[in-house]
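Open the model in your viewer and show it as a cartoon. Keep the selection panel at hand for the stops below.

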Amino acid sequence: MECMDTIFFILSLCLKIFTIYFAGVALFALRPRKRYPHAAPQTRFAVVVAARNEEAVIGDLVYSVLNQDYPPELRDVYVVPNNCTDFTEAAAAASGAGIIRCLGKVTGKGDALHQAFAQLLQKDYDAFVVFDADNTLAPDYLARMNDAFAAGAVVCKSRTKAANPTAGGVAGCYGLYNTCFDLVWNRPRAACGLSAKLIGTGFAVHRKVLEDLGGWNTSTIAEDAEFAAQCAGAGYRVSWVPEAVNYDEEPTDFLLSLRQRKRWCSGIMQVAKRSAAGLWRDSAPDPMLRWDMTMFLLAPFAQAVSALLMLCGLASSAVSGDVVYLILSLCGVGLYVLGGMALAAVLSLLGGYGLRGMAGTIAIFPVFMASWMPLQVISLFRDTKNWKAIAHQGRGGSAASGRLVSVPGMR
């Protein structure tokens with residue numbers, strides 16, 4: 001019994017360290033953030049999109065790239081079809097994209113990007129921007145990224161917004177989650193000199209970073225987090241560029257959302273197991289980047305342990321008949337739900353979504369956020385090794401693109 005108490009004490013202490021650290025960094029969000037000054041177009045961009053069965057949406061993305069408020073001679077877009085069973089390649093080519101064909105077996109997005117960058121680094125591009133196929137870009141996206149590179153940034157993360165926030169409560173929750181993460185993670189880290197969260201879609205990398213890292217070399221299903229860990233280990237800071245906005249089509253089905261987020265949780269745990277220790281093998285110019293990345297990679301494990309400790313506490317109280325603890329727990333759940341809904345309303349306004357059409361999102365946002373805990377616990381014991389496609393419906397044009405490119409004669 002004494003041994004168990006010691007274990008619980010140590011675990012609780014570790015969780016407190018995580019909480020204090022992340023809360024302390026989040027306070028830097030109160031510090032004013034410096035904007036990148038507008039600069040004359042000078043960065044030559046290659047936009048890279050690894051696509052698997054994305055015929056329905058790839059045209060929108062290509063169109064939004066080719067219609068940027070940025071000199072055409074300074075931007076190209078390449079689509080990397082991999083494991084497709086539809087007409088993704090034909091749709092991309094018809095929309096005006098260059099096609100990079102993969103050779104041999106491609107097991108995931110990381111493999112596709114590896115082959116793409118191996119070819120593109122032979123050309124004279126200054127920077128590369130990576131998107132998912134269901135994205136579209138604000139018209140000034142590349143111009144704002146150019147501002148950051150002109151100011152000396154070498155790895156940049158843009159602001160991601162939900163393209164379909166009112167399509168359902170789940171889709172809206174993704175938008176609010178991104179807004180929340182920008183406020184408590186990206187904004188404070190931009191203010192104190194740490195790295196933004198290079199996770200998901202919409203990030204740009206200067207060619208010298210890829211040359212230093214030997215190209216794109218990732219092996220987990222969270223290739224973006226793995227690349228971010230490589231950047232931290234080499235001392236490259238990820239700059240936050242919220243003025244550059246991309247729109248992401250979000251899932252509308254809750255079960256599909258659970259499957260997707262389970263993959264994210266499992267992927268980051270994979271990266272932690274493979275890369276966390278390696279961050280400290282060699283010296284880097286800024287050890288705080290490595291420390292912050294280490295804390296980020298270990299956070300899913302901390303959340304899983306926190307959930308397990310909570311369950312153990314509830315089970316112990318139920319067995320011992322501690323009615324007071326159970327009542328307090330229920331009251332805590334009620335306050336969490338009300339507080340979560342209030343937070344959702346605030347995030348809807350701060351994220352630029354407004355309140356109209358967001359009632360369903362506000363109602364389920366506490367459940368959406370709480371569902372991360374069991375997903376972390378499941379990922380702790382059951383690894384996700386295979387990526388499963390998520391069907392995208394297309395938007396027929398978004399605020400960023402304005403139209404959907406179709407391919408005549410295609411289904």
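Select helix H8 (residues 223–234) and helix H10 (residues 287–320) in this predicted model. Their axes come within 8 Å and cross at roughly 155°. An angle over 145° counts as roughly antiparallel, so H8 is roughly antiparallel to H10. The crossing of H8 and H10 is left-handed.

Now show side chains at this contact. From H8, pick Ala228, Ala229, Ala232 and Gly233. From H10, pick Leu289, Arg290, Met293 and Leu297. How do the residues of the contact of H8 with H10 divide? They come out as 6 nonpolar, 1 polar and 1 charged.

Next stop: another helix pair. Select helix H1 (residues 2–26) and helix H6 (residues 169–192). The H1 and H6 axes come within 8 Å, crossing at roughly 65°. The range from 65 to 115 degrees counts as roughly perpendicular, and H1 and H6 are therefore roughly perpendicular to each other.

Which residues make the contact of H1 with H6? On H1, display Tyr21, Phe22, Val25 and Ala26. On H6, display Val184, Trp185, Pro188, Arg189 and Cys192. This contact divides into 8 nonpolar residues, no polar ones and 1 charged.

Turn to the sheet. It is open, has 8 strands and shows mixed pairing. Trace the order S3-S2-S1-S4-S7-S6-S8-S5 across it. Which strands are at the edges? Strand S3 (98–99) and strand S5 (135–137) are, and each pairs on one side only.

Zoom in on strand S1 (residues 45–51) and strand S4 (residues 127–131). S1 and S4 pair in the parallel sense over 5 bridges. Label Ala46: Phe128 of S4 stands opposite.

Step along to S7. S4 and S7 pair in the antiparallel sense, over 4 bridges. Here Val129 stands opposite Ala204 in S7. Keep Ala204 selected and look at S6. S6 and S7 are also antiparallel, with 3 bridges. Cys156 stands opposite Ala204 in S7. Ala204 thus appears in both pairings, opposite Val129 and opposite Cys156.

Last stop: select helix H5 (residues 141–150), which lies across part of the sheet. Beneath H5, colour S1, strand S2 (75–81), S4, S5, strand S6 (155–162), strand S7 (203–206) and strand S8 (238–248). How does H5 run relative to S8? The angle between H5 and S8 is about 175°.

Notes:
Residues are numbered from 1 along each chain as its sequence is written. This is a predicted model: local features need pLDDT of at least 70, side-chain atom pairs count only at pLDDT 80 or more; totals for chains, interfaces and linings use all residues. Side-chain values use heavy atoms; hydrogens and water are left out. Axes are lines fitted to C-alpha atoms, for helices over the stretch in contact, and angles run from 0 to 180 degrees between N-to-C directions. Helices (H or I, at least four residues) and strands (E, at least two) are DSSP runs, numbered from the N terminus. Angles under 35 degrees count as roughly parallel, over 145 as roughly antiparallel, 65 to 115 as roughly perpendicular and the rest as oblique. Contact means heavy atoms within 4.5 Å. Ala, Val, Leu, Ile, Met, Phe, Trp, Tyr, Cys and Pro count as nonpolar, Asp, Glu, Lys and Arg as charged, and the others, Gly among them, as polar. Two strands pair if DSSP finds at least two bridges between them. A crossing is left-handed if the near helix is turned anticlockwise from the far one by less than a right angle, and right-handed if clockwise.
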